[in-house]
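Here is a short, friendly tour of one protein model. Keep the 3D view open as you read.

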Amino acid sequence: MATKASRSAARVMMAPAVILLLGWMLVPLTMTLWFSFRKYLPLRGGDLGWAGFDNYTRFVGSSAFWPSVMTTLLIVGSVLIITVCLGILLAMLLDQPMWGQGVVRILVIAPFFVMPTVSALVWKNIFMDPNNGLFAHLWKFFGADPVSWMSEASMPSIILIVSWQWLPFATLILLTAIQSLDSEQLEAAEMDGAPHLKRFWFIVLPHLSRAITIVVLIQTIFLLSIFAEIFVTTGGAFGTKTLTYLIFQRVLESQNVGLGSAGGVYAIILANIVAIFLMRIVGKNLDN
């Protein structure tokens, strides 16, 4: 049984790690808040004084703000739907006994370990290049004109690239959940004459609800800050400019740190709104 002295000793030993983590989170947040109220132009005079809420009103009043928010939510929602649906399908297939099952699982999970910049460049130059890409040769083989993916189908291209990167993560989590399902339930349902679709809908899918919740929550956190895939493919053009990319443009391209910091605060607000929504609507499955 823990005594008062042992609890105090535990707090003392944990204190350095807690202080380090708080500093890691609070220092950047504090600096972002500070600069968001300053008129700070590094190459045009530096810190020009207090700006109040001018940076916030200018950023939200920009013609690119709301389209970037909608683009961000569209990418997040599309990728979540694709990865969860295909992840369930792949998890059920990988759970079946097959020759070379271990190798197949490694190959399916491998894309998750590829850096976002590298995967985006691979898709852009090897698959989606309108002249020498694999898709271009495939289109020509069937007598069709190659598609310039990054300009004519920019949004589906980004969604495809990001989904390919995150599908292994969803598959891994869902495969682990499927393997924990009691096979006796499925056998009993099969003996009672339940078809495959009803077994999936009433037994497998409810069992996967908590795993799906975890996949949605974790992926949403990372997808809200998607940047590298857009930077190396479309450069934010053709309707693919997300809120993160808009902040990048304001800070580095426009050299307006105060305006970009205000955008960072809006990004934090958006992330918290989405997180609260998910925790209330989807996260209740964790309590079941």
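What volume does the largest pocket have? About 360 Å³. This is a predicted model, in which local features need pLDDT of at least 70 and side-chain atom pairs count only at pLDDT 80 or more, while totals for chains, interfaces and linings use all residues. Residues are numbered from 1 along each chain as its sequence is written, and side-chain values use heavy atoms, leaving out hydrogens and water.

A pocket here is an open set of points on a 1 Å grid over the protein atoms alone, where a 1.4 Å probe fits, with protein on both sides within 12 Å along at least five of seven lines; lining residues have an atom within 4 Å of a point. A volume is the space filled by probe spheres set on the points, which are joined across faces, edges and corners. Helices are DSSP runs (H or I, at least four residues), numbered from the N terminus.

| Pocket | Volume | Lining | Top contributor |
|---|---|---|---|
| Largest | about 360 Å³ | 14 residues | α10, 5 residues |
| Second largest | about 260 Å³ | 15 residues | α14, 5 residues |

Nearest the centre of the largest pocket lie Met-92, Gln-96, Leu-181, Leu-186 and Val-204. Both α9 (183-191) and α10 (196-207) supply at least two lining residues each.

In the second largest pocket, Thr-244, Ile-247, Gly-264, Ala-267 and Ile-268 are closest to the centre. Two or more lining residues come from each of α1 (4-36), α13 (243-253) and α14 (257-281).

Finally, look at residues 158-179: this span is 100% helix, and its end C-alpha atoms are 32 Å apart. Residues 230-248 are 53% helix, with end C-alpha atoms 12 Å apart.
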